[in-house]
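Here are my notes on this model. Please keep the structure open while you read.

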Amino acid sequence: MTQSSGKIRMGMVGGGQGAFIGDVHRLAARLDGDIELVCGAFSRDPENCRITGEALGVAPARSYTDFNEMMRTEAALPANERMEFVAIVTPNHVHFPVAKAALEAGFSVLSDKPATLNLEEALELRKIVQANNGLAYGLTHTYLGYPLVGEARGIIESGGIGKVRKVFVEYIQGWLATEVENKQADWRTDPARSGGSGCMGDIGTHAHNLAEFMTGKRMTHVAADLSIFVEGRRLDDDGSALFKMEDGVKGTLSASQVCVGVENGLSIRVYGETGGLEWHQEEPNTLKRTYSDRPTELIRAAQGYLSEGAQGWFRTPPGHPEGYIEAFANCYREFGKALRSQGGVASGIDAAVRGMAFIEALLESSENDSAWTEIKQ
Ligand SMILES: NC(=O)c1ccc[n+]([C@@H]2O[C@H](COP(=O)([O-])OP(=O)(O)OC[C@H]3O[C@@H](n4cnc5c(N)ncnc54)[C@H](O)[C@@H]3O)[C@@H](O)[C@H]2O)c1
């Protein structure tokens with residue numbers, strides 16, 4: 001691994017002008033002042049690459065028009081100048097080729113989800129990550145960066161709700177309720193660029209990842225029903241699944257992009273033998289905790305009674321709402337620490353493979369009349 005005492009040097013692939021998540025990554029990466037953007041191949045369009053690089057203050061010689069050229073050229077720079085990791089913020093079909101090229105050129109990778117286009121690529125990626133064990137690989141499952149999600153995980157881990165029995169997780173949106181013509185909808189509804197699933201790949205994977213992270217249990221089987229509601233669409237825009245996890249935990253997962261008027265409704269409820277927890281992404285600074293023999297508690301963000309770990313993830317005092325950008329910044333902070341060998345990441349290559357195996361199991365189950373199907377990784 002490249003050692004450096006200064007800021008961590010980041011490169012980016014994707015995130016050209018007009019893109020969605022690239023800007024969010026850049027804001028998050030610089031929030032704590034530990035990471036600087038030094039290069040990028042921001043778009044497939046050379047002019048967009050140039051304009052974006054210029055607007056971001058990237059040196060013209062390091063604003064590349066092709067990610068392979070970026071890997072080659074950066075690798076040839078002195079160790080204290082070249083980028084240390086690459087953030088991948090392209091559509092799904094470009095994640096694997098960029099991650100592979102980066103890792104093989106000696107760079108760590110922080111990729112957006114889903115990790116790859118399909119399970120086969122994810123398994124290949126795992127081999128590449130394992131073969132380059134001095135490098136870090138992380139996946140920006142943003143929602144794990146919310147401090148109260150970490151608090152909930154801690155409560156469950158320490159037996160705070162007893163043995164976990166039941167999980168309800170849903171991620172619903174409304175923006176694809178009709179045919180939509182924009183850059184983001186274009187590739188998300190195209191199997192060649194999105195993968196075998198639309199809605200489940202795009203947001204169902206977040207729900208799966210959140211359920212596994214919060215409970216600390218792996219999802220083992222699904223019985224799924226995926227739908228295409230908008231005529232002419234080639235990938236699912238809605239779906240539900242019953243699921244089973246390790247240790248007898250059972251649950252339901254729903255994801256939909258056709259729930260008219262819903263913005264970004266990611267919610268999770270987990271119930272154990274002695275209590276329950278409930279968290280909603282659109283109200284991320286409150287965690288509801290229920291008991292059988294005590295009144296319900298509303299656990300609030302940044303309060304001194306939170307665990308040390310959760311407190312360390314807030315940047316402002318109680319009552320000053322933090323949200324999406326800060327959660328993303330926590331993913332970057334955690335990845336930065338992993339890069340400097342001070343720990344692992346909550347979503348790494350294991351989560352990457354599991355996310356893709358989850359999608360494949362959903363597709364197989366739905367095609368087989370919702371038969372119970374094993375998640376094979
Ligand atoms: N973690 C989250 O919360 C979250 C939220 C939104 C999107 N995402 C993920 O982020 C990724 C990007 O989504 P988006 O909505 O920003 O898409 P987008 O279409 O808005 O942006 C994609 C960008 O990638 C560029 N690109 C495409 N091919 C390229 C190539 N070969 N080389 C360089 N650049 C290339 C495009 O020009 C564009 O600038 C997706 O994988 C998506 O699933 C994650």
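1. In which loop is the place of Asp369? Asp369 sits in the loop between helix H12 (349–367) and strand E14 (373–374). Helices (H or I, at least four residues) and strands (E, at least two) are DSSP runs, numbered from the N terminus. Asp369 is not a glycine, yet has a positive phi of about 60°.

2. A word on the basis. This is a predicted model, where local features need pLDDT of at least 70 and side-chain atom pairs count only at pLDDT 80 or more, while totals for chains, interfaces and linings use all residues. Residues are numbered from 1 along each chain as its sequence is written, and side-chain values use heavy atoms, with hydrogens and water left out.

3. Two further backbone points. Asp247 also has a positive phi, near 60°, in a residue other than glycine. Asp247 lies in the loop between strand E8 (238–245) and strand E9 (250–256). The Lys113 to Pro114 peptide bond is cis, with omega near -20°. Pro114 belongs to the loop between strand E4 (108–111) and helix H5 (119–131).

4. Now the ligand. There are 30 residues around the ligand (a heavy atom within 4 Å of it). Ile21, Asn92, Lys113, Thr142 and Gln184 come nearest. By class, this shell has 13 nonpolar, 11 polar and six charged residues. Here Asp, Glu, Lys and Arg count as charged; Ala, Val, Leu, Ile, Met, Phe, Trp, Tyr, Cys and Pro as nonpolar; and the others, Gly among them, as polar.

5. Check the polar contacts (N or O pairs within 3.5 Å). A polar side-chain atom of Gln184 is 2.5 Å from a ligand oxygen atom. For Asn92, a polar side-chain atom is 2.7 Å from an oxygen atom of the ligand. Thr90 uses a backbone N or O atom, 3.1 Å from a ligand oxygen. Alone, the ligand exposes 860 Å², and the protein buries 94% of that (Shrake-Rupley method, 1.4 Å probe).

6. Where does the shell come from? Strand E1 (8–14) and helices H7 (183–188), H9 (199–215) and H11 (324–339) each give two or more residues. H7 supplies the largest share, four residues. Domain 1 (8–142) and domain 2 (147–318 + 348–367) each contribute at least three. The domain bounds come from an automatic or database domain assignment.

Terms used
Polar contact = N/O pair within 3.5 Å; in protein donor to acceptor, adjacent residues only side chain to side chain.
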